[in-house]
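The following exercises ask the reader to work from the sequence and the model to a description of the fold, its ring pairs and its largest pocket. Each task is followed by a worked solution.

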Amino acid sequence: MSKRDYYEILGVSKTATEVEMKIAFRKAAMQCHPDRHPGDQEAEARFKELNEAYQCLCDPQKRAAYDRFGHAAFEQGGGMGGFGAEGFGASMADIFEDLFGDVMGRRGRSGGRERGSDLRYNMEITLDEAYQGKAASLKIPTSVTCDACTGTGAKKGSKPKTCMTCAGHGRVRAQQGFFSIERTCPSCHGRGETIDNPCPGCAGTGRKTVERSLSVNVPPGVEDGTRIRLAGEGEAGLRGGPPGDLYIFLSVKPHPFFQRDGADLYCRVPISMVRAALGGEIAVHALDGSEVKLKVPEGTQSGRQIKAKGKGMPVLRGRDHGDLHVQINVETPQKLTKRQKELLQEFEKESSQETHPEEHGFFARMKDLFGG
């Protein structure tokens, strides 16, 4: 029985590129894979046929021979090799590598240059510093590239060698029946390189620990929990790999006078009973250092809020400001003199329902509800 044309099996033209053939093979292989059709002999035969076609056409030399001689190029010792289980395993590994990328080990082929870890630094600032912004200097213990070996991990005058076990790929394959299993190379631990003479300054890691001084600008308007990222200021990568990042997490200390909610500020101000009754003016200081004068209306009760527009926190990376909300707390006088008591008693005699509407209204409702 004559074999089908390999291009026809893959469903591509004879001018198809390697990428187009790979896409076509991957799509067809996932559809007819034996694991998806257990016990189906036709699916297994179709998969083997598909694999044979791809193994030929993905190899430039085999493809050239096939284009010239057809199937005869591989019959009776044609010199181009067959398509056994080893080739099948390799092609399936390609499929999984395309689908899952780094999970299947592409990182192992980076020559051992691993990205450094990210670092975290906790910084505490005051509410005034959060309002104005701050330029801070930090001292952080971190890993930097070793000067002696310039990050290679090898002693000066030598250099890392390609791992003989995995040929620099960082991963090795083992055939297990129908499948080819890929795992991290046991000799180089996925780096793809080995070091015969490690650098004495860094013990072959390509980096060493030092204390670095960094400058960071805290912008005005930051809130508690704000994160600032300094790219490339984390740990140095292994064997010359790229550094990680430094993340600064801000926490704002409680303020003795103000409480914050977003860009708005809140505070409580006690005033005398007389000022609350007659009305007047109070002055409070804002975080920008200015004095804010607020008018207290006549008959102000405890809990009333007076707003100073634009006197709150700056909006992060914006031009606007929040508001300052002042909550009035009417203070009852204490330790009265005899004369003060007499004056208050006279005032009480002159009081009416209109003078204390809430008090009279409350007890009137209670009387209606409970009687008496």
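Helices (H or I, at least four residues) and strands (E, at least two) are DSSP runs, numbered from the N terminus. The model is predicted, so local features need pLDDT of at least 70 and side-chain atom pairs count only at pLDDT 80 or more, while totals for chains, interfaces and linings use all residues. Residues are numbered from 1 along each chain as its sequence is written, and side-chain values use heavy atoms, with hydrogens and water left out.

**Exercise 1. Overall description**

Task: State how many helices and strands the protein has, and what share of its residues is buried.

Solution. Begin with secondary structure: the protein has nine helices and 15 strands. Next, apply the burial classes, in which buried means under 20% relative accessible area, exposed over 50%, and partly exposed in between (1.4 Å probe, protein chains only). Of the 372 residues, 35% are buried. Then turn to the surface, with accessible areas from the Shrake-Rupley method with a 1.4 Å probe, where for residues only the protein chains shown count as cover. The protein exposes about 23,300 Å², of which carbon and sulfur atoms supply 49%. Finally, consider contacts, meaning heavy atoms within 4.5 Å. Among contacts with a separation of 6 or more, 62% join residues 24 or more positions apart.

**Exercise 2. Aromatic pairs**

Task: Determine how many aromatic pairs the whole structure contains, and explain why the pair F25 and Y54 is classed as it is.

Solution. First, set the criterion: rings of Phe, Tyr and Trp (its six-membered ring) pair if their centres lie within 6.5 Å, and planes under 30 degrees apart count as stacked, over 60 as edge-to-face and the rest as tilted. A search of the whole structure gives five aromatic pairs. For F25 and Y54, the ring centres are 4.2 Å apart and the planes stand at 0°, so this pair is stacked. The pair links distant parts of the chain, since F25 belongs to helix α2 (residues 18-32) and Y54 to helix α3 (residues 41-57), 29 residues apart. F25 is buried at 2% relative accessible area, and Y54 is buried at 5%.

Next, take F362 and F363, whose pair is edge-to-face, with 5.3 Å from centre to centre and 85° between the planes. F362 is partly exposed at 41% relative accessible area, and F363 is partly exposed at 48%. Lastly, Y6, Y7 and Y66 form one aromatic cluster.

**Exercise 3. Positive phi in loops**

Task: Locate T150 and R317 in the fold, and decide whether T150 and R317 are buried or exposed.

Solution. T150 sits in the loop between β2 (134-145) and β3 (161-162). Its phi is near 50°, a positive value in a residue other than glycine. With 59% relative accessibility, T150 is exposed. R317 occupies the loop between β14 (305-308) and β15 (324-331). Phi of R317 is near 55°, again positive in a residue other than glycine. With 74% relative accessibility, R317 is exposed.

**Exercise 4. Two buried residues**

Task: Which residues are in contact with T142 and with C188, leaving aside those up to four places away in sequence?

Solution. Start with T142, a residue of strand β2 that is buried at 3% relative accessible area. T142 touches L119, K208, T209, V210, R212, G234 and E235. Continue with C188, found in the loop between β5 (179-184) and β6 (193-194) and buried at 1%. The contacts of C188 are C163, C166, G170, E193 and T194.

**Exercise 5. The largest pocket**

Task: Describe the volume of the largest pocket and the make-up of its lining.

Solution. First, define the object: on a 1 Å grid over the protein atoms alone, a pocket is an open set of points where a 1.4 Å probe fits, with protein on both sides within 12 Å along at least five of seven lines, and lining residues have an atom within 4 Å of a point. Grid points are joined across faces, edges and corners, and a volume is the space filled by probe spheres set on the points. The largest pocket has a volume of about 620 Å³. Its lining has 18 residues, of which M273, A277, Q301, T355 and H356 lie nearest the centre.

Next, assign the lining to elements: α7 (273-278), α8 (338-350) and α9 (357-370) each supply at least two residues. The largest share, five residues, comes from α7. For the chemical classes, Ala, Val, Leu, Ile, Met, Phe, Trp, Tyr, Cys and Pro count as nonpolar, Asp, Glu, Lys and Arg as charged, and the others, Gly among them, as polar. The lining divides into nine nonpolar, six polar and three charged residues.
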